[in-house]
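Let's take a walk through this fold together, strand by strand. Have the viewer open and the sequence at hand.

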Amino acid sequence: MPFENPSRDEIKRILQETKNIAVVGLSGDPDKTSHMVSAAMQAKGYRIIPVNPKEAEILGEKCYKSLADIPEPIDIVNVFRRPEHTPPIAGEAVAAGAKVLWLQLGIANEEAAAIAAAGGLTVVMDRCIKVEDSILLPHGKS
């Protein structure tokens with residue numbers, strides 16, 4: 001059965017219930033899409049947890065080398081990595097106890113989706129979290 005993203009109502013519920021978003025591939029460069037999207041989500045009240053082994057801090061938050069290093073609950077793992085790198089990230093998201101694996105716009109991988117779904121995660125692929133949040137929750141999370 002081919003992958004299908006959750007309904008818009010389900011995505012809205014996910015965003016309303018989300019506090020912590022671990023961003024894999026978050027760049028410290030403010031001109032990069034991952035940085036712009038994460039900064040916008042942070043400004044909307046989400047806690048952004050950067051996952052980037054090459055940085056110490058991004059957006060005022062401590063960077064972690066991997067999802068396994070994050071010492072607090074993760075609601076969404078938002079991924080800014082090429083599709084071929086996503087299956088291991090899906091496995092790490094399952095091991096970390098995340099609720100959702102979200103592959104950003106332009107990123108889709110059926111194997112990653114299957115790994116995450118088998119681990120009990122909701123999967124969103126090829127969608128921009130910032131765009132979805134702006135459409136579904138234009139006035140904030142409340």
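Which residue in β5 does Val23 stand opposite? The partner is Asn78. Keep in mind as you look that this is a predicted model.

That pair sits where β1 and β5 meet, two strands that run parallel and are joined by 4 bridges. On its other flank, β1 (residues 20-24) pairs with β2, again in the parallel sense, over 5 bridges. If you want a landmark there, find Asn20, which stands opposite Arg47 in β2.

Now zoom out to the whole sheet. Its 5 strands follow the order β2-β1-β5-β6-β7, with parallel pairing, and the sheet is open. Because β2 (47-51) and β7 (122-124) each have a single partner strand, they stand at the edges, and one side of each is left without a neighbour in the sheet. Going from one strand to the next, the twist averages 20 degrees.

What holds such strands side by side? In general, strands of a sheet pair through backbone hydrogen bonds, in either a parallel or an antiparallel way.

Back to β5, this time toward β6. These two strands pair in the parallel sense over 4 bridges, and Val79 stands opposite Leu103 in β6. To get from β5 to β6 the chain passes through α3, and this β-α-β crossover is right-handed.

Helix α3 (residues 86-96) packs on the sheet, where it touches β1, β5 (76-79) and β6 (100-103). The direction of α3 makes about 165 degrees with that of β5.

Next, which way do the side chains of β5 point? Ile76 and Asn78 go one way, Val77 and Val79 go the other way, and all are buried. That fits a general pattern: in a regular strand, side chains alternate between the two faces of the sheet.

One of those residues, Val77, takes us into the largest nonpolar core, which has 23 residues. Val77 is among those with the most contacts inside this core, along with Ala22, Leu67, Ile70, Ile74, Ala93 and Leu101. The elements giving two or more residues to the core are β1, β2, β5, α3, β6 and α4 (110-118).

Try clicking on Ala93 to see who surrounds it. Leaving aside neighbours within four places in sequence, Ala93 is in contact with Leu67, Val77, Ala98, Leu101 and Leu121. Apart from this core lies another, of 21 residues, including Ile21, Ile48, Trp102 and Ile129.

Conventions
Residues are numbered from 1 along each chain as its sequence is written. This is a predicted model: local features need pLDDT of at least 70, side-chain atom pairs count only at pLDDT 80 or more; totals for chains, interfaces and linings use all residues. Side-chain values use heavy atoms; hydrogens and water are left out. Two strands pair if DSSP finds at least two bridges between them. Axes are lines fitted to C-alpha atoms, for helices over the stretch in contact, and angles run from 0 to 180 degrees between N-to-C directions. Contact means heavy atoms within 4.5 Å. A nonpolar core is a set of buried Ala, Val, Leu, Ile, Met, Phe, Trp, Tyr and Cys residues joined through side-chain atoms within 4.5 Å. Buried means under 20% relative accessible area, exposed over 50%, partly exposed in between (1.4 Å probe, protein chains only). A crossover is right-handed if, with the strands pointing away from the viewer, the path from the first strand over the helix to the second runs clockwise.
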